[in-house]
Amino acid sequence: MSQRPASRRPVNDHAVWLRRVLRWCSLSGVALIVGAASPRGAPALVEPNPNIHRAGTLHDGVLTVALEAAEHTWQSDGPKRPAERIAAFSEAGQAPLVPGPLLRVTAGTEIRLTVRNFLAAPLTFFVPAAVHGGPDALNKADSVVIGPGAVGQLTTRATAPGGYVYRATLPTGESRVAHVAGLLAGALVVDSASPARPPNDRVFVLMATPDSVRTAYADTSSARINIGFLQVGRITYTINGRSWPNTERVAAVVGDSLHWRIINATSDVHPMHLHGFYFRIDGLSGPWPPFAIYDKPALGEMAVTQLVWPFDAMTMTWSPNRAGNWLFHCHFAPHLDPDSINAAPDDPHLRDMVGLVLGTIVAERPGTRPAAASSDTNARRLRLVAVADSDNMPAFHGYPRVESLPHMHFVLEEQGRRVDAGKDFSPELDLTRGEPVAITVVNRLPEPTSVHWHGIEIQDSYVDGVPGFSGAGRRLTPEIAPGDSFVARFTPPRSGTFMYHAHVDELREQLAGLEGAIIVRDPGTQLSADDHVFFLKGYEPDAAHPFGINGRANPDTVVMHVGQPARLRFINLTTINIAPYVALTAQTDSSLGTARDTMILKWRPVAKDGADLPPSSQRAHLARQTIGVGETYDFEYTPTHAGPLHIEVRGNGGKRLLLALVPIRVE
């Protein structure tokens with residue numbers, strides 16, 4: 001798929017960090033925990049778990065499972081890559097798996113777990129209390145501590161349908177940070193009492209596993225006081241034990257109904273995005289964080305991107321009505337960024353995606369004729385020209401080093417009219433529902449690029465923008481080489497708020513400015529002075545590409561009118577602020593503090609990801625919302641009197657530090 005610049009030296013250099021970590025360990029007296037003898041002699045090779053077959057034995061309403069925790073060998077990026085020794089679960093007498101063996105039962109089933117610890121340190125095994133209707137919080141779980149060589153038992157009755165994470169920790173810094181040790185986590189799925197599961201029902205577990213360098217450093221005193229620990233070593237992101245491009249290719253046929261459970265067994269937030277289609281949110285379970293309460297959608301809502309919080313699970317259903325190759329992936333670019341170890345051999349510039357990515361291959365239904373290729377005879381013709389402020393593009397890899405990244409952006413051309421939004425921001429595309437467009441993407445960069453039309457239900461996956469994957473068969477989307485161009489033809493089927501962005505070297509090119517808003521309106525609709533777009537982009541500590549709104553770190557004043565409904569369209573494509581918190585307030589000023597804002601106004605939710613919300617979800621509530629990377633939200637607010645207002649954008653988490661402020665003047 002995508003490619004990266006040639007002169008790049010990875011930040012996460014294994015050898016350098018290993019020497020430093022070993023020196024830290026020797027100076028501080030830290031001992032690395034190693035495994036005890038394997039239950040079967042030499043460590044076995046950890047195998048990816050597709051989460052299809054249930055572990056254990058089910059008899060008379062009781063599932064009995066015997067697990068073993070031991071150190072094994074894991075080759076996370078394939079058989080040709082370095083192997084590491086790591087703790088993993090297995091069923092007694094079976095191969096170790098990542099994620100751990102699948103526990104799946106219907107509501108009312110009793111689960112009896114026996115866990116044998118073959119590791120050299122005490123292991124604490126956790127099952128969420130929410131499984132049996134207890135508190136839905138990470139620190140509220142049933143647990144058992146198991147000494148080295150010992151056996152522990154834990155019994156629970158699964159009464160609350162949903163997806164959960166069982167996990168284990170060790171007395172290490174890694175466990176303190178990640179709440180999981182090594183690969184010691186797996187899915188626990190509780191189905192409703194219905195005995196039959198629907199066809200195409202799958203469980204996909206997201207995991208984030210640090211390497212030995214990062215694990216060792218987490219035990220040092222420096223790690224506890226130095227945020228630089230986040231840049232030590234590397235993390236491997238996997239779905240059902242595999243990292244893209246080695247993840248499973250899900251086969252489907254046009255018209256199929258696909259039912260997926262996405263279970264997040266990590267301490268990270270993952271905004272999961274589906275290309276080309278909407279999915280229905282059927283269920284959400286897990287320790288939903290208090291600061292994200294207003295982000296939790298109602299069941300049945302439609303989305304193209306949805307935040308899945310740490311140790312949460314989402315049940316989703318979607319149905320492809322067009323053939324082709326379609327991606328489903330985490331939309332947080334750092335979780336897709338390769339390094340010199342996991343990059344493909346044919347990706348020397350480190351531009352391809354890795355990690356939390358699935359591909360679905362949708363075939364035409366037998367007996368049907370493929371849809372005819374769209375014609376642009378009557379299409380509106382646009383040109384997006386990718387330009388940079390310099391032909392000398394410095395090496396760049398990893399979001400800590402953004403100071404060398406040049407400015408890049410698209411310039412919009414149409415019938416002699418030229419729109420240039422600035423040196424690191426791209427212009428808005430204003431399209432009309434039902435009107436065909438032919439957008440020629442011209443690459444005047446010294447590196448390849450491609451464009452994804454995020455949220456648009458394009459008719460042909462060939463123009464979806466993922467080089468080497470989008471399309472079908474041998475007709476796959478190419479990278480747009482320097483000096484070359486590509487024509488994307490589609491007809492927007494609905495009005496709403498969407499975005500477009502580079503899908504080559506996402507971390508680099510999106511931060512540089514190759515991203516912009518798409519607003520699709522109904523035919524005959526005139527642009528209103530009370531229609532406002534707020535595009536969040538940038539990287540908070542970077543002076544060259546700072547966090548900003550609509551390309552500005554200090555946004556212009558927005559004017560609203562008393563008695564006139566204003567439509568507020570929020571788009572998040574930031575680089576590091578994965579889930580900022582947005583609020584509309586009548587405060588006259590803002591502070592960096594965390595004091596409760598008693599002057600937050602009320603607005604009415606209108607749409608999510610371009611899809612109109614159902615009437616039950618359009619009730620007015622306090623004007624605050626967590627917005628994940630890749631999500632869009634539309635709200636309606638009607639001012640009742642003149643005066644100043646503000647839109648605040650704050651970081652997610654307990655402190656909610658102020659990132660940007662939009663002044664509003666109501667006339």
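Let me start with Val 441, which stands opposite Phe 486 in strand β32, in what is, I should say at once, a predicted model. That residue pair belongs to the contact between strand β28, residues 437-443, and β32, where six bridges join two strands that run antiparallel. If we step back from that contact, we find that β28 and β32 are part of an open sheet of five strands, in the order β26-β25-β24-β28-β32, and that the pairing in this sheet is mixed. The edges are formed by β26, residues 417-420, and β32, residues 485-490, each of which pairs on one side only. From one strand to the next, the twist averages 20°. As a general reminder for looking at such a sheet, side chains in a regular strand alternate between its two faces.

Let me move to another set of strands, earlier in the numbering. Strand β7, residues 109-117, has partners that run in opposite senses: it is joined to strand β3, residues 62-74, by five bridges in a parallel arrangement, while with strand β10, residues 151-158, it pairs in the antiparallel sense over eight bridges. To give you residues to look for on the screen, Val 65 stands opposite Leu 113 of β7, and on the other contact Thr 109 has Ala 158 in β10 as its bridge partner.

Now to the aromatic residues, for which the count comes to 19 pairs. Take Trp 260 and Trp 318, whose ring centres are 5.6 Å apart and whose planes meet at 80°; because an angle over 60 degrees counts as edge-to-face, that is how this pair is classed. Trp 260 lies in strand β16, residues 258-264, and Trp 318 in strand β21, residues 313-318, so the pair ties together parts that are 58 residues apart in sequence. Are these two residues buried or exposed? With the limit for buried set at under 20% relative accessible area, Trp 260 at 1% counts as buried, and so does Trp 318 at 2%.

A second pair, Phe 570 and Trp 603, has its ring centres 5.9 Å apart and its planes at 55°, and is therefore tilted. This pair also links distant parts of the chain, since Phe 570 sits in strand β38, residues 566-572, and Trp 603 in strand β40, residues 602-608, with their positions 33 residues apart in sequence. Phe 570, at 1% relative accessibility, counts as buried, and Trp 603 is buried as well, with a relative accessible area of 1%.

Coming back to the first pair, Trp 260 and Trp 318 belong to a cluster that ring pairs build together with Phe 204, Phe 277, Trp 326 and Phe 328. Rings also meet charge in this model: the charged end of Arg 167 sits over the ring of Phe 126, 4.3 Å from its centre, and the charged end of Arg 167 also sits over the ring of Phe 311, at 5.5 Å from the centre of that ring.

Finally, the chain as a whole. Its secondary structure comes to five helices and 46 strands, and of its 667 residues 57% count as buried. Among contacts with a separation of 6 or more, 76% are between residues 24 or more positions apart. The accessible surface comes to about 26000 Å², and carbon and sulfur atoms account for 52% of that area.

Technical notes: Residues are numbered from 1 along each chain as its sequence is written. This is a predicted model: local features need pLDDT of at least 70, side-chain atom pairs count only at pLDDT 80 or more; totals for chains, interfaces and linings use all residues. Side-chain values use heavy atoms; hydrogens and water are left out. Rings of Phe, Tyr and Trp (its six-membered ring) pair if their centres lie within 6.5 Å; planes under 30 degrees apart count as stacked, over 60 as edge-to-face and the rest as tilted. Helices (H or I, at least four residues) and strands (E, at least two) are DSSP runs, numbered from the N terminus. Buried means under 20% relative accessible area, exposed over 50%, partly exposed in between (1.4 Å probe, protein chains only). A charge sits over a ring if NZ of Lys or CZ of Arg is within 6 Å of the ring centre and within 35 degrees of the ring normal. Two strands pair if DSSP finds at least two bridges between them. Axes are lines fitted to C-alpha atoms, for helices over the stretch in contact, and angles run from 0 to 180 degrees between N-to-C directions. Contact means heavy atoms within 4.5 Å. Accessible areas come from the Shrake-Rupley method with a 1.4 Å probe; for residues, only the protein chains shown count as cover.
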